[in-house]
Amino acid sequence: MNTEEFISLSEEDTIALGAKFAERLNVGDAVALTGDLGSGKTEFIKGICDYFNVEDIVNSPTFTIINQYHGEKNKEEIHIYHLDLYRIKSPAELSEIGFSECLHSDEIIKLIEWAEKAGDFLCKWDYKVNLNLSDDDENLRQIIITTN
Ligand SMILES: Nc1ncnc2c1ncn2[C@@H]1O[C@H](COP(=O)(O)OP(=O)(O)OP(=O)(O)O)[C@@H](O)[C@H]1O
Ligand SMILES: [Mg+2]
């Protein structure tokens, strides 16, 4: 496992870091995003989606649990699932939404907000992205990327 740390000073920085990070993603990868409310998970995902030229609106799928986006890279179509587990009350609810099947879909890039809510159900991940708020600066975020 490899860990990298970045500092973001603005929403735009976080989007740019997400886009830069996306360069290393392969079809089928799962990215687990963690961090407090408002720490920038969705902004980071917007950057990833920018990189893949996604034209859909990228927003936290709070009520639907999963949003699906279509993008492209080098003329190849890229399918992305954006999951938000914030409202999941117990990992058992994950089976109802087909989380496990989703996690194992090899043709799709999975971006999972509030991944910690999945507990042991998060049995496969390629990258973890943890965003931390700062006590001193409301626009500063520490972003830690762990590669599995
Ligand atoms: N450095 C920064 N990086 C990202 N967002 C920032 C930064 N500084 C300020 N912000 C603001 O913080 C908010 C981050 O919101 P975002 O929806 O991305 O958080 P989130 O982690 O997805 O929250 P939630 O847990 O509610 O889904 C935005 O309003 C953004 O403008
Ligand atoms: Mg969000």
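Which helices each supply at least two residues of the shell around ligand 1? In this predicted model, they are helix H1, spanning 11–22, and helix H2, spanning 41–51. The shell around ligand 1 comprises 18 residues, of which Thr-14, Gly-40, Lys-41, Thr-42 and Glu-43 come nearest. By class, two residues of this shell are nonpolar, 10 are polar and six are charged.

The two helices also pack against each other. The axes of H1 and H2 lie 7 Å apart and form an angle of about 50 degrees. H1 is therefore oblique to H2, and the crossing of the two helices is right-handed. On the H1 side, the contact is made by Glu-11, Thr-14, Ile-15, Ala-16, Leu-17, Gly-18, Ala-19, Phe-21 and Ala-22. H2 contributes Glu-43, Phe-44, Ile-45, Lys-46, Gly-47, Ile-48, Asp-50 and Tyr-51. The residues of this contact divide into 10 nonpolar, three polar and four charged.

Positive phi values occur in the loop between strand E3 (66–73) and strand E4 (76–84), where Asn-74 is placed. Phi of Asn-74, a residue other than glycine, is near 50 degrees. Lys-75, located in the loop between E3 and E4, likewise is not a glycine and has a positive phi, near 70 degrees. Asn-74 counts as exposed because 5 other C-beta atoms lie within 10 Å, the limit for this class being 12 or fewer. Lys-75 is exposed as well, with 5 other C-beta atoms within 10 Å.

Methods: Residues numbered from 1 in each chain as written. Chains lettered and ligands numbered in written order. Predicted model: local features only at pLDDT ≥ 70, side-chain atom pairs only at ≥ 80, totals over all residues. Near = placed C-beta within 6 Å. Helix = DSSP H or I, 4+ residues; strand = E, 2+ residues; numbered from the N terminus. Nonpolar A, V, L, I, M, F, W, Y, C, P; charged D, E, K, R; others polar. Axes fitted to C-alpha atoms, helices over the stretch in contact; angles between N-to-C directions. Parallel < 35°, antiparallel > 145°, perpendicular 65-115°, else oblique. Left-handed = near helix turned anticlockwise from the far one by under 90°. Contact = placed C-beta atoms within 7 Å. Buried ≥ 20, exposed ≤ 12 C-beta atoms within 10 Å, placed from the backbone.
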